[in-house]
Amino acid sequence: MSHISSEELAVSYGWKILSTFLVQIGRQTYSLPEKGVFVNDPLARGSTVIYPSVEAMRRSEKGKYEHETLYGAMGSPNQHQLEQVIAQIEGGSHCQVVSSGLAACTIPLLGFLSSGDHCLIIDSIYGPTKRFAETVLKKFGVEISYYPADCNLGEIETYIQNNTKLIFTESPGSHSFEIQNIAGTAEIAHRYGAKLILDNTWGIGIFKPFEHGVDISVQALTKYANGHSDLVLGAITVKCDDDWHILRDYAVAMGEVAAPDVCWLTLRGLRTMAARLEKQSVTGLKIAHWCSRQPYVERVLHPALPSCYGHEFWKRDFTGASSVFGVVFKKNIILQKVIEMINHLKIFSIGASWGGYESLVLLTDGEIRRKYKSRTLTGSACRFHIGLENENDLIEDLKQAFDKTLK
Ligand SMILES: *Cc1c(COP(=O)(O)O)cnc(C)c1O
């Protein structure tokens, strides 16, 4: 066995403590019926629910906020089971599963904002969320502004207006990986009567949003939760009942629902998430270290490394790391060389998204539309997602591609 450094232990720590929890949550393990049941809940497809009487049907309507199955378009038993599991992982009270990670970002924006409100968004937000703000939210009269991903709390406060109703943040930032002081941001939001939404996709299971003052946490379950690159799904979790009622009413009004099959597969993916991520995060950190020692590399953007903006908040707030990080190349390495390097990789596949079992690489250019010049993305850059392959095979692959193209 290879030597494990304390840093590597730290990145896998959160996953170790989650493993038993992820196997057991949302599952009946006590008072099993005498005749026994399958380990996994069955897949249940359906539209209409039928009742024995009009009174029984009327009584059931009270179950709208209780994750009861009332009609197919309002969620299935598999969706509701997944909602309870995600609420527990995130540490909130209620969760609404929606059709994609992007829908998990857009639904609360629409549900909690009205025309005339101001929404303050971090500049490093997931690109399609920014596109949604620029098109749909602006069209409906919501004022949008952005704050730099690498500014301190005092600076964030200067972007607050008297009509600010929401701050939408993401930590680490898309492509540039800045880690945010979430508790500090929440304190500012609340002082001005606004809510804080966090896109917590990178931090699933290793950052507890509601312990740091977040009001609404969103997840792209497409990523590590499902883990097999075979579906898209999202989740929105809240901690207070008032927010739950607003969110649930809005999701139902919008006709937001996820297919039972997709929820069932995501539950299956979650059972092994701790084991996958424990392995992927340790391999990821080793590869991040390897990259940081290469002469072509200016900076590695991995939250567990001091070269990442906000590393001190990662140390303070996270119990582990995931396996996505960025690499910024030296100024003299032009974009075309990085493109060639990516084209020379054999084990890494070129593709968007992350969180599956396979390693991926993505050119960072063209993905980022920033209002403020990034102090982190100072040269050509790419993003790596580390999968379950053998670490030496991955390093060999990087080595041959780096040396052939970046010299
Ligand atoms: C992938 C991703 C999304 C969107 O998820 P989809 O299921 O692909 O729509 C949103 N936020 C973050 C941070 C993501 O990485």
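## Lys223, the pocket and the domains

Lys223 is buried, since its relative accessible area is 9%, where buried means under 20%, exposed over 50% and partly exposed in between, with a 1.4 Å probe and protein chains only. The model is predicted, so that local features need pLDDT of at least 70 and side-chain atom pairs count only at pLDDT 80 or more, while totals for chains, interfaces and linings use all residues. Residues are numbered from 1 along each chain as its sequence is written, and side-chain values use heavy atoms, with hydrogens and water left out.

**Exercise 1.** Place Lys223 in the chain and list what Lys223 touches.

*Solution.* Begin with the record: the unreviewed UniProt entry lists Lys223 for "modified residue: N6-(pyridoxal phosphate)lysine", and such annotations may be inferred rather than shown by experiment. Next, locate Lys223 in the loop between strand S6 (216-220) and strand S7 (234-238), strands being DSSP runs (E, at least two residues) numbered from the N terminus. Finally, leaving aside residues up to four places away in sequence, Lys223 touches Thr201, Ser353, Trp354 and Gly355, a contact being heavy atoms within 4.5 Å.

**Exercise 2.** Describe the largest pocket and its lining.

*Solution.* Start from the definition: on a 1 Å grid over the protein atoms alone, a pocket is an open set of points with protein on both sides within 12 Å along at least five of seven lines, a cavity is a set where a 1.4 Å probe fits but cannot get out, and lining residues have an atom within 4 Å of a point. The largest pocket holds about 560 Å³ of space. Of the 31 residues that line the largest pocket, Tyr126, Ser174, Lys223, Trp354 and Arg383 are the closest to its centre. By class, the lining has 13 nonpolar, eleven polar and seven charged residues. Domain 1 (18-271) and domain 2 (273-405) each give at least three residues to this lining, the bounds coming from an automatic or database domain assignment.

**Exercise 3.** Determine where the largest cavity lies with respect to the two domains.

*Solution.* First, a search of the whole structure finds two cavities of 30 Å³ or more, and the largest has a volume of about 80 Å³. Its lining includes Asp123, Glu178, Arg370 and Arg375. Because domain 1 (18-271) and domain 2 (273-405) both contribute residues to this lining, the largest cavity lies between them. Lastly, the centres of domain 1 and domain 2, taken over C-alpha atoms, are 27 Å apart, and their contact takes 44 residues from domain 1 and 43 residues from domain 2.

Terms used
Helix = DSSP H or I, 4+ residues; strand = E, 2+ residues; numbered from the N terminus. Points joined across faces, edges and corners; volume = space filled by probe spheres on them. Nonpolar A, V, L, I, M, F, W, Y, C, P; charged D, E, K, R; others polar.
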